[in-house]
Amino acid sequence: MGMYDKTLRELFQDIPYKLIKLLTNQNIIKVLDSHFPKVEEREADLVVELESGDIFHLEIQSVNDNYMPKRMLYYYLLIDKVYKKEPIQMVLYVGEKNNTIKSGLNLKNLTYSYQVVNIQDIDCKELIDSDSINDNIIAILCNIKNPNSFFEKINQKLINLNNKERENYLRKLIILARLRPNIYKSLESFYKEKKMPFIIEPKNDPLYNKGWNEAWNEAWSEAWSEAEEKRKLKDALLVIKEFNLPIEVVAQKFGLDTKVLLDNLNQNNMI
């Protein structure tokens, strides 16, 4: 599975309800099991039950695939067998190139069809305005009219997450942005101008490269150092309070200036 498809599938684990509503004009009432262990292990991208009672099956594609109609037919038969109901099917194309995915089969003894939708043809305002960061990140694949405003909205949400979640969502944002080269450049410029203390470690990110490394370090090194200094100071004050250790020893241990530590102890009425 390609990195784009893997990232999108991860995002779809937290169901993008707004996107499904945009695609079907219906609400989801139940998320169904999308694993089909018959003959060979198969997992669809998304299988849900809609408010009409219909089963909706969605596959996300970032590249054109000539075999897609037969894959969709296979899923059609599996879903019908497992849930005893014929599904409504759709392929959501998220690639940058022109979509050439066929919407069905017209064979000698079989005619079969499903919908193919290009995400760039969708008005994704609801995704951009959604309270869900999953919806927001998926929206980067739409036609974004005001990239900076869009990035600012996501950035405000990232700030409020813990470090692990922030890194996870930021990585997904960067991966999907690479499907839209112009948006990727705008994203790089946006974060180059921002001084935000969060950085993805290169060893954890296959897309991390020298360009991003230089841009992020240039923009955030000062803010990151300041945040790290505050963290160390907070920990040092806690150690002094809990264990009553000598100020000079704690200052040396945490690599802090003794005078700065003394000033903060005075401000917090700890001496």
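Helix 7 and helix 8 are oblique to each other, because angles under 35 degrees count as roughly parallel, over 145 as roughly antiparallel, 65 to 115 as roughly perpendicular and the rest as oblique. The axes of helix 7 (residues 163-177) and helix 8 (residues 181-193) cross at roughly 140° and come within 8 Å. Here an axis is a line fitted to C-alpha atoms, for helices over the stretch in contact, and angles run from 0 to 180 degrees between N-to-C directions. Helices (H or I, at least four residues) and strands (E, at least two) are DSSP runs, numbered from the N terminus.

Which residues make the contact? Helix 7 brings Leu170, Leu173, Ile174 and Ala177, and helix 8 brings Pro181, Tyr184, Leu187 and Tyr191; contact means heavy atoms within 4.5 Å. By class, this contact of helix 7 with helix 8 has eight nonpolar, no polar and no charged residues. Ala, Val, Leu, Ile, Met, Phe, Trp, Tyr, Cys and Pro count as nonpolar, Asp, Glu, Lys and Arg as charged, and the others, Gly among them, as polar.

A word on the model itself: it is predicted, so local features need pLDDT of at least 70 and side-chain atom pairs count only at pLDDT 80 or more, while totals for chains, interfaces and linings use all residues. Residues are numbered from 1 along each chain as its sequence is written, and side-chain values use heavy atoms, with hydrogens and water left out.

Now for the whole chain. The protein chain has eleven helices and nine strands. Of its 271 residues, 46% are buried; buried means under 20% relative accessible area, exposed over 50%, and partly exposed in between (1.4 Å probe, protein chains only). Among contacts with a separation of 6 or more, 60% join residues 24 or more positions apart.

Let us look at some single residues, with their accessibility side by side.

| Residue | Place | Relative accessible area |
|---|---|---|
| Asn25 | loop between helix 2 (17-24) and strand 1 (28-31) | 63%, exposed |
| Lys84 | loop between helix 3 (68-83) and strand 6 (88-93) | 67%, exposed |
| Lys172 | helix 7 | 8%, buried |
| Val94 | loop between strand 6 and strand 7 (104-106) | 1%, buried |
| Ser186 | helix 8 | 24%, partly exposed |

Two loop residues in the table have a backbone angle to notice. Phi of Asn25 is near 60°, a positive value in a residue other than glycine. Lys84 also has a positive phi, of about 55°, although Lys84 is not a glycine.

What does Lys172 touch, not counting residues up to four places away in sequence? Its partners are Thr7, Glu10, Leu11 and Ile137. Lys172 is in helix 7, and its 8% relative accessible area is why Lys172 counts as buried.

Val94 offers another view of the fold. Leaving aside neighbours within four places in sequence, Val94 is in contact with Leu8, Ile60, Gln61, Ser62, Ile119, Leu141, Leu179 and Arg180. Val94 and Leu8 are 86 residues apart along the chain, with their C-alpha atoms separated by 9.7 Å.

Back in helix 8, Ser186 touches Pro147 and Phe151, again not counting residues up to four places away in sequence. The C-alpha atoms of Ser186 and Pro147 are separated by 6.8 Å, and these residues lie 39 residues apart along the chain.

Finally, the largest pocket. Its volume is about 270 Å³, where a volume is the space filled by probe spheres set on grid points, which are joined across faces, edges and corners. On a 1 Å grid over the protein atoms alone, a pocket is an open set of points where a 1.4 Å probe fits, with protein on both sides within 12 Å along at least five of seven lines; lining residues have an atom within 4 Å of a point. The largest pocket is lined by 15 residues, and Lys125, Ile128, Asn143, Ile144 and Lys145 lie nearest its centre. Helix 4 (125-129) and helix 6 (147-159) each supply at least two residues of this lining. By class, the lining has six nonpolar, four polar and five charged residues.
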